[in-house]
Amino acid sequence: MIRIRDTILKLRDFAGVEIVYGGERLCIDILYPLQCDYILYTHNHPRHSPDSILLERFSDRIYSLFYGNKIKIGERIKISDHFIVESVEAFSWRYPEYHSRGSGAGFIVESDLRIYHTGDSDLSRDILSSVRGGVDVLIIPIEGLGVYTPEEAVEVVRSLRPSISIPIHFQDIDSFYIFRDMAQPYTQVVLLGRERSG
């Protein structure tokens, strides 16, 4: 867990994050969203979204391309007095069988911070150009094979210059060390422990 200004961030499950601000809880890619006031899903793979029963149970709180309150790529919506959400491109041009264009999204969440969760992507000019304005916190997958490699994630850091970068979606700690050692001159890299939701 990390607190930055008045926003608290926690990692949940494999690639999820919980953002707490103003007494409200916004979750991204959380598998058991019982405690979440608002829920964003980047795409509908098993490590990122729950089964159909939970999707149905929480559909009124969900914002995604594929379920609940639909949000289109490029759309920016105010979901409460504390959170504004913008959906941006997320896809893998190298492994479209995993993450084809149009099947997933990244999200920019505004609280008292501007937080960019990239979703499952690899390095693309189209994706980087869809992120307009500064980013305080970058949440980025780093293990390759349909998501950024550590080296590609560093290029995202160099382009966006976030104050804080939090790597997710990796099992090999060497991926973290490569990312940290290369990105650290341009951002503060923070390793957060994962907690299980539910």
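**Figure 1. The accessible surface of the whole chain.** In this predicted model, the chain exposes an accessible surface of about 8900 Å², and carbon and sulfur atoms own 47% of that. Turning from the outside to the inside, 58% of the 198 residues count as buried. The fold is built from four helices and 15 strands. The radius of gyration is 15 Å, close to the 16 Å that the globule rule gives for 198 residues, so the chain is as compact as a globular protein of that length. Along the principal axes, the C-alpha atoms fill a box of roughly 40 × 40 × 30 Å. As for who touches whom, take the contacts with a separation of 6 or more: residues 24 or more positions apart account for 52% of them. The chain carries 22 positive and 28 negative charges, and the mean positions of the two sets sit 3 Å apart.

**Figure 2. The disulfide between Cys 27 and Cys 36.** Searching the whole structure turns up one disulfide. A disulfide is a covalent bond between the sulfur atoms of two cysteines. Here the partners are Cys 27 and Cys 36, with their sulfur atoms 2.1 Å apart. The link is left-handed, with -90 degrees about the S-S bond. Are its two ends buried or exposed? Cys 27 is buried, at 0% relative accessibility, and Cys 36 is buried too, at 4%.

**Figure 3. Helix H3 and what packs over it.** H3 runs over residues 150–160, and its buried residues are Pro 150, Glu 152, Ala 153, Val 154, Val 156, Val 157 and Leu 160. What covers them? The cover includes three strands, E11 (114–117), E12 (137–141) and E13 (164–168), along with helices H2 (125–130) and H4 (173–183). Just after H3 comes Arg 161, with a positive phi near 50 degrees.

**Figure 4. Arg 5, a positive phi in a loop.** Look between strand E1 (2–4) and strand E2 (7–12) and you'll find Arg 5 in the loop. Arg 5 isn't a glycine, yet its phi is positive, at about 50 degrees. The residue is exposed, with a relative accessible area of 52%; the cut-off for that label is over 50%. Arg 5 shows up again in the next view, as one of the residues that Leu 113 touches.

**Figure 5. Leu 113, a buried loop residue.** Leu 113 sits in the loop between strand E10 (105–110) and E11. Being in a loop doesn't put it on the outside here: with a relative accessibility of 3%, Leu 113 counts as buried. Which residues does Leu 113 touch, once those up to four places away in sequence are set aside? They are Ile 4, Arg 5, Thr 7, Asp 136 and Val 137. For a sense of scale, the C-alpha atoms of Leu 113 and Leu 160 are separated by 15 Å, and the two residues are 47 apart along the chain. Leu 160 is one of the buried residues of H3 from the earlier view.

**Figure 6. Leu 145, another positive phi, on the way to H3.** Leu 145 lies in the loop between E12 and H3. Phi of Leu 145 is near 55 degrees, a positive value in a residue other than glycine. Is this leucine buried or exposed? Leu 145 counts as exposed, at 56% relative accessibility.

**Figure 7. Tyr 21 in strand E3.** Strand E3 covers residues 16–21, and Tyr 21 is part of it. The tyrosine has a relative accessible area of 19%, which counts as buried because the cut-off is under 20%. Leaving out residues up to four places away in sequence, Tyr 21 touches Asp 6, Thr 7, His 82, Phe 83, Ser 111 and Asp 112. Thr 7 is also among the contacts of Leu 113. Tyr 21 and Leu 138 are 117 residues apart along the chain, and their C-alpha atoms are separated by 17 Å.

**Figure 8. Gly 68 in the loop between E6 and E7.** Strand E6 (62–64) and strand E7 (69–70) flank the loop that holds Gly 68. This glycine is partly exposed, at 34% relative accessibility. Setting aside neighbours within four places in sequence, Gly 68 is in contact with Ser 59 and Ile 62. From Gly 68 to Tyr 41 the C-alpha to C-alpha distance is 9.8 Å, with their positions 27 residues apart in sequence.

Methods
Residues numbered from 1 in each chain as written. Predicted model: local features only at pLDDT ≥ 70, side-chain atom pairs only at ≥ 80, totals over all residues. Heavy atoms only, no water. Helix = DSSP H or I, 4+ residues; strand = E, 2+ residues; numbered from the N terminus. Rg over C-alpha atoms; globule rule 2.2 N^0.38 Å. Buried < 20%, exposed > 50% of the residue type's maximum accessible area, 1.4 Å probe, protein only. Contact = heavy atoms within 4.5 Å. Areas by Shrake-Rupley, 256 points an atom, 1.4 Å probe, with all protein chains shown as cover. Lys, Arg positive; Asp, Glu negative; His and termini not counted. Charge placed at Lys NZ, Arg CZ, Asp CG, Glu CD. Disulfide = S-S within 2.5 Å.
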